[in-house]
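Colleague: Mind walking me through this one? I'm new to reading structures, so I'd like to ask as we go.

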Amino acid sequence: MRVLVIGSGAREHALCVALTSDPAVEALACAPGNAGTRALAEPFPLDVRDPDAIAALARSWRADLVVVGPEAPLVAGAADAVRDAGIACFGPSEQAAQLEGSKSFAKHVMTTAGVPTAQAWPVGGAAELETALDEVAALTGGAPYVVKDDGLAAGKGVLVTPDRDAAVAHGRAVLDAGGAVLVEEYLDGPEVSLFAVTDGTTVLPLVPAQDFKRRDDGDGGPNTGGMGAYAPLPWAPAGLVDEVLATVLQPTVDEMARRGEPFSGLLYAGLALTSRGIRVVEFNARFGDPETEVVLPLLVTPLAGLLHASATGTLAAHPPLEWRAGSAVTVVVASAGYPEAPRTGDPVTGADGAGVLHAGTALTDDGTVVSAGGRVLAVTAVGEDLAAARQAAYERLAGVRLAGAHWRTDIALGAVEGRIVLP
């Protein structure tokens, strides 16, 4: 199988690592890729927001399977263009990708399917924003306020704050930029990320993970695309995955099929385990980053066959998924100024170490690896348990050098110390 991966981050590097270990993969390309994927996959320059360019590359490279990593090309219709070219594609159609592209659309799907989620107020103007915040306060007794950009925001379009003025400012900034906003009730309890591979009918959940959105230790600082993750979750309630499959994932997939907009690819459910039960925080239409970096290293089942079965509608005949024992932890190394104004162009050393996945890197003409984004590396390790995986990840991180780099020192620490409390 000739497999083309679309994207340039640590998620795509993790996909390439997993695909490289699959004996069914005879050729691998990653476009545009980064300094790390170049060691595993053939690179190609590519505008990932151009569906026609993606399809043209897949056709010229003679791909058997295209795996679209980021959300932007999916929402733009990349999977449709590839399928129109007669090539199997792992990823939802433009219409189905609206589960991530529009939070209002996702809420409507969940409401119709009976999927538990936070109550939400769509906002189209400043007056509506004030009214929605008043209604949330009346419902919940006040803060915290949750204000979401209705469209794509690279994982950074949500503000959770006790400060009403900050909530208003965030919402108005989105509205002033021509966007739309959702105000939601706050969901208590720990959050869980659960991936599921689906072909539009059959749904196969993967192992649950937890990521860390805030930049700083103790969940302080601004929201980011994710500063680290771990899997599986030693504190998760027994039967969690089965319950989410029955109440969230399968009903959503069934509802999309009923609408004539079948969802195939990776359905990502961001969940809150609240005092009132499981609630969906959000859906994504692709592998999450950085959770992919900890889920895929635990998967024994060959990845290419699994993704191809999703892309070709044959998932019901796929063997049960196999998982290795142990845990995985990844710690993101971010550039100076991330996320507000990340600095790029700084040399990176130690980026070729074991378990080091490239997120935002590039090669200079002389072969030097330099930072090329806000999140630069995702340093990952697998261990016999969570404590061992965490220790190994931070030991590997010690070998990385990047001027002004920032990373959290508490990834998975609460879980290791048994401090995750279910409401």
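**Overall shape**

Modeller: For a chain of 423 residues, a compact globule would have a radius of gyration near 22 Å, and this chain agrees with that at 20 Å. Keep in mind that the model is predicted.

Colleague: How much of the chain is buried, as a share of the 423 residues?

Modeller: A residue goes in the buried group if its relative accessible area is under 20%. Among the 423 residues of the chain, the buried ones make up 56%.

Colleague: And which helix gives the most to the largest nonpolar core?

Modeller: That core has 74 residues, and L4, V66, L99, Y230, L249, F283 and V329 have the most contacts inside it. Six of its residues come from a single helix, the top contributor, and that's α9 (residues 240-258).

Colleague: What about the other core, how many residues does that have?

Modeller: It lies apart from the largest one, and A209, A231, L299 and A304 are among its members. Its size is 39 residues.

**Cysteines**

Colleague: Why is C30 in no bond with C16?

Modeller: A disulfide needs two cysteine sulfur atoms within 2.5 Å. C16 is buried at 0% relative accessible area, and C30 is buried too, at 1%. C16 holds the closest cysteine sulfur to that of C30, but the gap is too far for a bond because it comes to 4.1 Å.

Colleague: So how many disulfides does the structure hold?

Modeller: You'd want a pair of cysteine sulfurs within 2.5 Å to count one. The structure's total is zero.

**Aromatic rings**

Colleague: Is the pair of F90 and F287 stacked, edge-to-face or tilted, and why?

Modeller: A search of the whole structure turns up four aromatic pairs. In this one the ring centres are 6.0 Å apart. Planes under 30 degrees apart count as stacked and over 60 as edge-to-face. Here the planes sit at 35 degrees, so the pair is tilted.

Colleague: How many residues apart are F195 and Y268 in the chain?

Modeller: Their rings form a tilted pair too, with centres 5.4 Å apart and planes at 40 degrees. F195 sits in strand β10 (residues 191-198) and Y268 in strand β16 (residues 265-274), so to speak distant parts of the chain, and the separation is 73 residues.

Colleague: Last one: which residues do ring pairs link into a cluster?

Modeller: F90 is buried at 2% relative accessible area, and F287 at 4%. F195 counts as buried at 1%, as does Y268 at 4%. The cluster linked by ring pairs is F90, F195, Y268 and F287.

Key. Residues are numbered from 1 along each chain as its sequence is written. This is a predicted model: local features need pLDDT of at least 70, side-chain atom pairs count only at pLDDT 80 or more; totals for chains, interfaces and linings use all residues. Side-chain values use heavy atoms; hydrogens and water are left out. A nonpolar core is a set of buried Ala, Val, Leu, Ile, Met, Phe, Trp, Tyr and Cys residues joined through side-chain atoms within 4.5 Å. Buried means under 20% relative accessible area, exposed over 50%, partly exposed in between (1.4 Å probe, protein chains only). Helices (H or I, at least four residues) and strands (E, at least two) are DSSP runs, numbered from the N terminus. The radius of gyration is taken over C-alpha atoms; the globule rule is 2.2 Å times the number of residues to the power 0.38. Rings of Phe, Tyr and Trp (its six-membered ring) pair if their centres lie within 6.5 Å; planes under 30 degrees apart count as stacked, over 60 as edge-to-face and the rest as tilted.
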